[in-house]
Amino acid sequence: MRAIYATDLSAASEAAIQNETCLECLERIGVEEIHLVTVVPSNVHPGMPGMDLEQRRERGLGAYQSVMEDAGFDVETHVVRGTPHRRINGIAEAVRADMTIVGSRGQSPLANRVIGSTARNLARTTVVPLLVNRVEREEDDPDVLREHLFQRVLYATDFSENADRAFDAFSYLRHATEEATLVHVRSPKDDLDVTPEEKLGDLAGTLEQWGIDVETVVRDGDPADEILDVERSVTPTTTLVGSRGRSRLRRLMLGSVSEEIVAGAAGNVYLVPPPRTA
């Protein structure tokens with residue numbers, strides 16, 4: 001597998017990259033090649049006083065590259081200029097990446113649904129599965145909040161095609177997963193041949209065949225609120241969710257349950273988008 005690792009070279013990014021457990025999890029799910037990407041804002045120019053950002057970022061990426069190569073990954077670095085989420089998506093498409101990883105500081109007590117603009121925009125527009133790696137807020141020396149990325153997974157499903165696509169990610173995540181909680185929030189729009197409990201039971205059976213301990217939860221209420229409530233109660237290392245197959249413009253205008261989960265989750269979130277078009 002090939003991964004994009006987007007970094008702004010902040011202390012939060014360094015905490016994620018220096019965490020050996022995180023890197024081990026990536027190796028266990030099959031990541032072999034990592035493209036380290038940092039984006040210089042397009043309104044910053046080389047001739048501006050004190051603005052040697054490109055050279056500084058190249059040096060910073062070089063240090064991260066050494067850490068990842070020492071961990072056994074093949075690494076390429078990219079210092080690019082422009083709008084971060086657009087350039088990150090562009091590189092992901094160009095190298096045919098299998099996933100993108102971006103760090104995001106944990107929830108602010110004053111605005112617990114606010115995440116960094118790059119993580120938020122990637123959640124809306126990502127072209128490949130996106131891992132939002134949550135890091136402590138307001139720390140000079142921050143740490144990742146849930147370091148064993150895929151050890152305990154909360155999978156949220158509405159039994160749609162996009163949710164099924166997210167479940168398929170267990171085909172590789174299972175190599176790092178020990179426990180899973182499967183949750184469905186009932187809706188008047190549900191059109192099921194069997195009960196939600198039976199549907200979740202079928203999915204649980206697949207994971208149990210892979211040696212994963214599974215529990216299932218069915219809730220009623222607002223989907224995002226209920227899923228986030230389950231996340232608080234079971235404290236997974238990562239929440240796995242699919243995003244609906246809408247146009248990028250529509251998602252930018254309307255948002256989605258998956259975006260609310262990315263914004264409001266206490267731990268990591270793995271967001272699986274619709275497939276790329278040829």
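## Exercises on a helix and a pocket

Asp222 caps the N-terminal end of α9, with a side-chain oxygen 3.3 Å from the backbone nitrogen of Ala224. The model is predicted, and the exercises below start from this helix.

**Exercise 1.** Compare the span of α9 with the span expected for a helix of 12 residues.

*Solution.* Step 1: α9 has 12 residues, and at 1.5 Å a residue the expected span is 16 Å. The expected span uses one less than the number of residues. Step 2: from its first C-alpha to its last, α9 reaches 17 Å. Step 3: the value of 17 Å is close to the expected 16 Å.

**Exercise 2.** List the buried residues of α9 and state which elements they pack against.

*Solution.* Step 1: buried means under 20% relative accessible area. Step 2: in α9 this holds for Ala224, Glu226, Ile227, Leu228, Val230 and Glu231. Ala224 also supplies the backbone nitrogen in the cap made by Asp222. Step 3: the partners of these buried residues are the strands β6 (152–156), β7, β8 (213–220) and β9, together with the helix α11.

**Exercise 3.** Describe the backbone just after α9.

*Solution.* The residue to look at is Thr235, where phi is positive, at about 45°.

**Exercise 4.** Describe the largest pocket by its volume, its lining and the elements that contribute to the lining.

*Solution.* Step 1: the volume is about 560 Å³. Step 2: the lining consists of 24 residues, and those nearest the centre of the pocket are Thr157, Asp158, Pro223, Arg244 and Val257. Step 3: two or more lining residues come from each of α6 (161–167), β7 (179–186), α9 (223–234), β9 (238–242) and α11 (257–264). Step 4: the most come from α11, which gives 3 residues. Step 5: sorted by type, the lining has 10 nonpolar, 8 polar and 6 charged residues.

**Exercise 5.** Decide whether Ser243 is buried or exposed, and find how far Ser243 lies from Ser258 in sequence and in space.

*Solution.* Step 1: Ser243 is in the loop between β9 and α10 (248–254). Step 2: its relative accessible area is 1%, so Ser243 is buried. Step 3: Ser243 and Ser258 are separated by 15 residues in sequence, but their C-alpha atoms are 5.7 Å apart.

**Exercise 6.** Summarise the whole protein by its elements, its buried share and its contacts.

*Solution.* Step 1: there are 11 helices and 10 strands. Step 2: of the 278 residues, 49% are buried. Step 3: take the contacts between residues at least 6 apart in sequence; 80% of them join residues at least 24 apart.

Methods. Residues are numbered from 1 along each chain as its sequence is written. This is a predicted model: local features need pLDDT of at least 70, side-chain atom pairs count only at pLDDT 80 or more; totals for chains, interfaces and linings use all residues. Side-chain values use heavy atoms; hydrogens and water are left out. On a 1 Å grid over the protein atoms alone, a cavity is a set of points where a 1.4 Å probe fits but cannot get out, and a pocket is an open set with protein on both sides within 12 Å along at least five of seven lines; lining residues have an atom within 4 Å of a point. Grid points are joined across faces, edges and corners, and a volume is the space filled by probe spheres set on the points. Helices (H or I, at least four residues) and strands (E, at least two) are DSSP runs, numbered from the N terminus. Ala, Val, Leu, Ile, Met, Phe, Trp, Tyr, Cys and Pro count as nonpolar, Asp, Glu, Lys and Arg as charged, and the others, Gly among them, as polar. Buried means under 20% relative accessible area, exposed over 50%, partly exposed in between (1.4 Å probe, protein chains only). Contact means heavy atoms within 4.5 Å. A polar contact is a pair of N or O atoms within 3.5 Å; within protein, one must be able to donate a hydrogen and the other to accept it, and residues adjacent in sequence count only if both atoms are side-chain atoms.
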